[in-house]
Amino acid sequence: MTIKNDRLIRALLRQPVDATPVWIMRQAGRYLPEYRQVRKQAGNFLNLCKTPELACEVTLQPIRRFPLDAAIIFSDILTIPEAMGLGLHFAEGEGPVFAHPLRDHTAIDKLIIPNPAEALTYVTDAIKLVKHELAEQIPLIGFAGSPWTLACYMIEGHGSKNFALPKKMLYNEPTLLHKLLTKLSKATILYLNAQIAAGVDVVMLFDTWGGLLGYNEYPQFSLHYMQEIIKGLNVSQSGKKIPVILFTKGGGQWLPIIANSGCDAIGLDWTTNITLARQQVGGSVALQGNLDPCLLYAKPDKIVTEVQELLAAFGKGPGHIFNLGHGINPDVDPECVSVLVDAVHTYSKVYHP
Ligand code: CP3
């Protein structure tokens with residue numbers, strides 16, 4: 001079946017569109033009162049992810065409020081380490097914590113690559129429910145974390161500013177880290193292929209911590225494994241192509257090599273100049289982003305001006321997917337999201353004559 005509003009797919013494949021598509025990272029989340037209510041009902045965040053009916057409901061909440069051009073399945077990147085048995089919980093106000101972080105050879109050797117058909121059916125079941133509810137109105141994005149970003153949480157055991165423990169392993173025991181990253185790549189290929197089989201139309205890799213790596217380390221310890229994942233994906237599904245978006249936060253200095261990774265689009269954070277980024281990647285990939293998430297704290301006319309500036313900075317022609325440069329903050333007023341989405345659709349038309 002063809003998707004009615006296929007702007008996102010077309011823009012990702014750099015095909016002409018009538019207006020620039022827009023969606024927002026973390027568009028389902030705490031800034032929406034209806035989300036906070038369902039989360040309360042679920043008891044905690046992980047229960048919410050693991051209950052397909054509730055995950056489906058919160059996936060659809062932002063779609064009901066705003067004319068977004070895509071939905072993203074409500075889940076988390078840490079589902080894979082959870083399925084590997086690391087004992088994940090989300091401490092209130094603290095973020096993710098693992099009961100059994102990876103600290104030695106034995107722990108990494110023991111890790112089993114989860115079979116998504118056994119350990120992650122709650123995600124594929126939620127995808128099937130959402131696809132049914134969306135009724136091919138807009139595309140659904142599936143996702144996973146990059147192996148390096150998952151390794152950061154799995155080794156450190158929780159969130160951190162600098163992830164000193166994975167960085168220590170990188171310099172002191174690189175072979176051991178490569179072993180872990182190889183296992184995570186294999187697990188992610190199986191997981192994303194299961195999401196594709198369940199119906200997602202696009203996949204995105206979140207490399208939130210790739211920007212912590214040194215200039216020479218990023219290609220070996222993060223990009224290489226994302227490239228292995230892209231190679232392993234079943235991107236041709238009943239005659240249609242599943243586009244792949246690769247987002248490395250802080251990845252602005254590696255755009256030319258990211259563009260050669262086999263991805264269809266690069267997600268940019270807000271520190272990157274999109275005009276220069278477009279020049280650097282030529283016409284080889286689409287670009288997604290990259291408004292500063294904090295701009296949603298500004299007054300509506302400021303939001304509109306900045307949207308216009310970003311659209312102008314990308315310029316004419318296809319290949320731009322409007323988004324924030326990182327996830328939306330939980331204390332944003334939903335009305336500001338409405339202003340942003342409408343401004344993108346209204347003011348982008350002139351760039352698609
Ligand atoms: O974009 C979407 O709407 C889909 C849902 C989504 C979530 N997490 C839901 C979530 C996506 C795509 C993610 C990805 C994710 N998860 C990343 C990569 C993207 C990024 O933001 O950099 C990372 C690093 C994680 C790990 C994670 N999950 C952290 C660090 C936290 C705590 C931070 C926080 O905001 O509290 C989470 C929890 C989480 N994942 C929430 C949501 C809506 C908040 C949970 C809640 O309190 O209700």
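# Helix packing, ligand contacts and backbone exceptions

User: At what angle do helix α9 and α11 pack, and how far apart are their axes?

Analyst: In this predicted model, helix α9 covers residues 147–156 and packs against α11. Two packed helices are described by the angle between their axes and the distance between the axes. For α9 and α11 the angle is about 120°, and the axes are 9 Å apart.

User: Is the crossing of α9 and α11 left-handed or right-handed, and how do the residues of the contact divide by class?

Analyst: α9 passes α11 in a right-handed crossing. On the α9 side the contact is made by Pro147, Trp148, Leu150, Ala151, Met154 and Ile155, which meet Leu177, Leu180, Leu181, Leu184 and Ser185 in α11. By class, the residues of this contact are ten nonpolar, one polar and no charged.

User: How are α11 and α12 oriented to each other?

Analyst: Helix α11 spans residues 174–198 and helix α12 spans residues 217–232. They pack at an angle of about 30°, with axes 9 Å apart. Angles under 35 degrees count as roughly parallel. α11 and α12 are therefore roughly parallel to each other.

User: Which residues of α12 does α11 meet?

Analyst: The crossing of these two helices, α11 and α12, is right-handed. From α11, the residues in contact include Pro174, His178, Thr188 and Asn193. The contact of α11 with α12 has eight nonpolar, seven polar and one charged residues. The α12 residues met by α11 are Gln220, Phe221, Tyr225, Glu228, Ile229 and Gly232.

User: How many residues surround the ligand, and which are the closest?

Analyst: The ligand is surrounded by 23 residues. The closest are Arg26, Arg30, Tyr35, Arg39 and His326.

User: What is the distance from an oxygen atom of the ligand to the side chain of Thr208?

Analyst: Backbone atoms also approach ligand oxygen: a polar backbone atom of Gln27 is 3.2 Å from an oxygen atom of the ligand, and a backbone N or O atom of Ala28 lies 3.3 Å from one. For Thr208, the protein atom is an N or O atom in the side chain, and its distance to a ligand oxygen atom is 2.7 Å.

User: Which residues does a cis peptide bond join?

Analyst: Most residues other than glycine have a negative phi, and most peptide bonds are trans. One residue of the cis bond, Asn290, is found in strand β10, residues 286–291. The bond has an omega of about -10° and joins Gly289 and Asn290.

User: What is the phi of Ala135?

Analyst: Ala135 lies in the loop between α8 (121–134) and β4 (140–145). Ala135 is not a glycine, yet its phi is positive, at about 45°.

Conventions: Residues are numbered from 1 along each chain as its sequence is written. This is a predicted model: local features need pLDDT of at least 70, side-chain atom pairs count only at pLDDT 80 or more; totals for chains, interfaces and linings use all residues. Side-chain values use heavy atoms; hydrogens and water are left out. Axes are lines fitted to C-alpha atoms, for helices over the stretch in contact, and angles run from 0 to 180 degrees between N-to-C directions. Helices (H or I, at least four residues) and strands (E, at least two) are DSSP runs, numbered from the N terminus. Angles under 35 degrees count as roughly parallel, over 145 as roughly antiparallel, 65 to 115 as roughly perpendicular and the rest as oblique. A crossing is left-handed if the near helix is turned anticlockwise from the far one by less than a right angle, and right-handed if clockwise. Contact means heavy atoms within 4.5 Å. Ala, Val, Leu, Ile, Met, Phe, Trp, Tyr, Cys and Pro count as nonpolar, Asp, Glu, Lys and Arg as charged, and the others, Gly among them, as polar. A residue is near a molecule or strand if one of its heavy atoms lies within 4 Å of it. A polar contact is a pair of N or O atoms within 3.5 Å; within protein, one must be able to donate a hydrogen and the other to accept it, and residues adjacent in sequence count only if both atoms are side-chain atoms.
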